[in-house]
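Dear colleague,

I am passing on the structure we spoke about, so that you can look through it at your own pace. My notes on what was found in it follow below.

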Amino acid sequence: MSLRAGTMREAEIDLDAIADNVRHIRRLTGVEVMAVVKADGYGHGALRAAVAALHGGATRLGVADVGEALALRRAGVSAPVLAWLHPPHPDFAEAVAADVALGISGSAQLDAAVAAGRGDRVATVHLKVDTGLSRNGAPRDEWRRLFAEAARLERIGRLRVEGLFSHLSNASEADDRAALAVFDEATALAASVGLRPRVRHLAATHAAIALPEARLDCVRIGIGLYGLSPFADRTSADLGLRPAMTLRAAVAAVRRVPAGTGVSYGYDFRAERDTTLALVPLGYADGVPRQASGAGTVRINGVRARVAGRIAMDQFVVDMGDHDVSVGDEVVVFGDPTLGVPSASDWADAAGTINYEIVTRIGARVPRRQVG
Ligand SMILES: *Cc1c(COP(=O)(O)O)cnc(C)c1O
């Protein structure tokens, strides 16, 4: 696809890629896939990503906040949804009424989940344990009390304990194996107090691919859903995944300049020879990282062109050398690198960050266009 006429910038979202990525991970892992669509589906649009992922065989959805889960429900999504990050003193009434499952990291959250039940409609919870990441998840010395209380509440019909889960650090394979062993202890302890959580889950994309033992009953797939690799040394194509987002713009201005000409704020770039500059109407307000000034590349008319000087809020300039370029020509900032365009990972490298941040921060000013 190419940029629609009259459009200055857009992010194309390939829903077939999302569905295919889920199919691929389903085949690879052989377990349930929870499609993680938090943060507006990593910038791809939570609703469309959720629908495409369910179409591809995901059976659950995962988000951070209850608000994100409720937005999916309001849009008509009926698949199981889990939300795991909550404010202090949470009120879970709306979540329970909308059948949103709650990740529960401690006794206060457990109490709040129980309090949100109305008659037969009780909270569905997934108990979250910390196995080394030191973020949320109940710390080890609280497991026994939390599990015993959850088991008691389940026995008297005030709660349904559907899951037990944790999250890995990806610090090293040894660290992840150690966390898996700690998780096994949590599973055994839960069983010893009478809990039988049907869905045990630990692996995000990285471990779902690299650590088969961590797949358990379900894998939580975020970055892989969107076709990007969480590995520094393996590309999307190496993993059999296809990037779903292509960021495009139309060249907004072209100028031929003599050697010595300064470009953009601070003149960090000065032309070494006569050259042609093209203006791209995307900036850091749109999520193009300012840290990639002078380093990121785009493709225009089959040519790779580098950012010249600083990326500004709304625009940046690329150096086309002596290649032809006209106002309106299509710029591909990133997309599927097997098609010869830069990848989100290339931009991450140029900016000193990770591909997750590149796609997630594409701003609200960039219209999304779904295809497939
Ligand atoms: C964001 C998140 C995921 C998804 O991670 P990816 O690396 O994007 O696959 C899984 N689980 C939890 C708890 C998360 O917060």
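**Threonine 205 and its surroundings**

The side chain of threonine 205 comes to 3.4 Å from the backbone nitrogen of glycine 222. Please bear in mind, here and throughout, that this is a predicted model. Threonine 205 belongs to helix 9, which covers residues 205–210, and with a relative accessible area of 2% threonine 205 is buried. Leaving aside residues up to four places away in sequence, threonine 205 touches Arg220, Ile221, Gly222, Ile223, Gly224 and Pro230, so glycine 222, whose backbone nitrogen the side chain reaches, is also one of the residues in contact with threonine 205.

**Histidine 201**

Arg220, which is among the residues that threonine 205 touches, also appears in the surroundings of histidine 201. Histidine 201 lies in strand 8 (residues 199–201), and its relative accessible area is 0%, which makes histidine 201 a buried residue. The side chain of histidine 201 makes a polar contact of 3.0 Å with the side chain of arginine 220. Not counting residues up to four places away in sequence, the residues touched by histidine 201 are Met34, Leu82, His126, Leu164, Phe165, Ser166, Phe183, Leu216, Cys218 and Arg220. Should you want a distance for orientation, the C-alpha atoms of histidine 201 and alanine 95 are 21 Å apart in space, while the two residues are 106 residues apart in sequence.

**Helix 6**

In helix 6, which runs over residues 107–115, the buried residues are Gln109, Leu110, Ala112, Ala113 and Val114. The elements against which these buried residues pack are helix 5 (93–97), strand 5 (100–104), strand 6 (123–128), helix 7 (143–155) and strand 7 (159–165).

**Salt bridges**

There are 22 salt bridges in the structure, and I describe a few of them here. One of them joins aspartate 286 and arginine 9, with 3.9 Å between the closest N and O atoms. This pair links distant parts of the chain, since aspartate 286 is in the loop between strand 14 (275–280) and strand 15 (297–300) and arginine 9 is in strand 1 (residues 9–14), 277 residues apart. Are the two partners buried or exposed? Aspartate 286 is buried, with a relative accessible area of 0%, and arginine 9, at 11% relative accessibility, counts as buried too.

Arginine 23 and aspartate 20 form a salt bridge through their side chains, at 2.6 Å from N to O. These residues are three residues apart in helix 1 (residues 15–29), so about one helical turn separates them. Arginine 23 counts as partly exposed at 30% relative accessibility, and aspartate 20 is likewise partly exposed, its relative accessible area being 32%.

A further salt bridge is formed by arginine 140 and glutamate 185, whose closest N and O atoms are 2.4 Å apart. Because arginine 140 lies in the loop between strand 6 and helix 7 and glutamate 185 lies in helix 8 (residues 173–192), the pair ties together parts that are 45 residues apart in sequence. Arginine 140 is partly exposed, with a relative accessible area of 45%, and glutamate 185, at 40%, also counts as partly exposed. In addition, salt bridges with shared partners join Glu32, Arg60, Arg160, Glu162 and Arg198 into one network.

**The two domains**

The protein is divided into domain 1, covering 31–226, and domain 2, covering 245–371. The centres of these domains, taken over C-alpha atoms, are separated by 39 Å. Where domain 1 and domain 2 meet, six residues of domain 1 are in contact with seven residues of domain 2. About 720 Å² is buried between the two domains, and carbon and sulfur atoms give 59% of that area. On the side of domain 1 that touches domain 2, the residues divide by class into three nonpolar, two polar and one charged.

How many salt bridges cross the interface of domain 1 and domain 2? The rule finds zero there, while the count of residue pairs in polar contact between the two domains is two, both at pLDDT 80 or more.

With best wishes

Notes
Residues numbered from 1 in each chain as written. Predicted model: local features only at pLDDT ≥ 70, side-chain atom pairs only at ≥ 80, totals over all residues. Heavy atoms only, no water. Domains from an automatic or database assignment. Contact = heavy atoms within 4.5 Å. Buried area = accessible area lost by both parts, 1.4 Å probe. Salt bridge = Lys/Arg side-chain N within 4 Å of Asp/Glu carboxyl O. Polar contact = N/O pair within 3.5 Å; in protein donor to acceptor, adjacent residues only side chain to side chain. Nonpolar A, V, L, I, M, F, W, Y, C, P; charged D, E, K, R; others polar. Buried < 20%, exposed > 50% of the residue type's maximum accessible area, 1.4 Å probe, protein only. Helix = DSSP H or I, 4+ residues; strand = E, 2+ residues; numbered from the N terminus.
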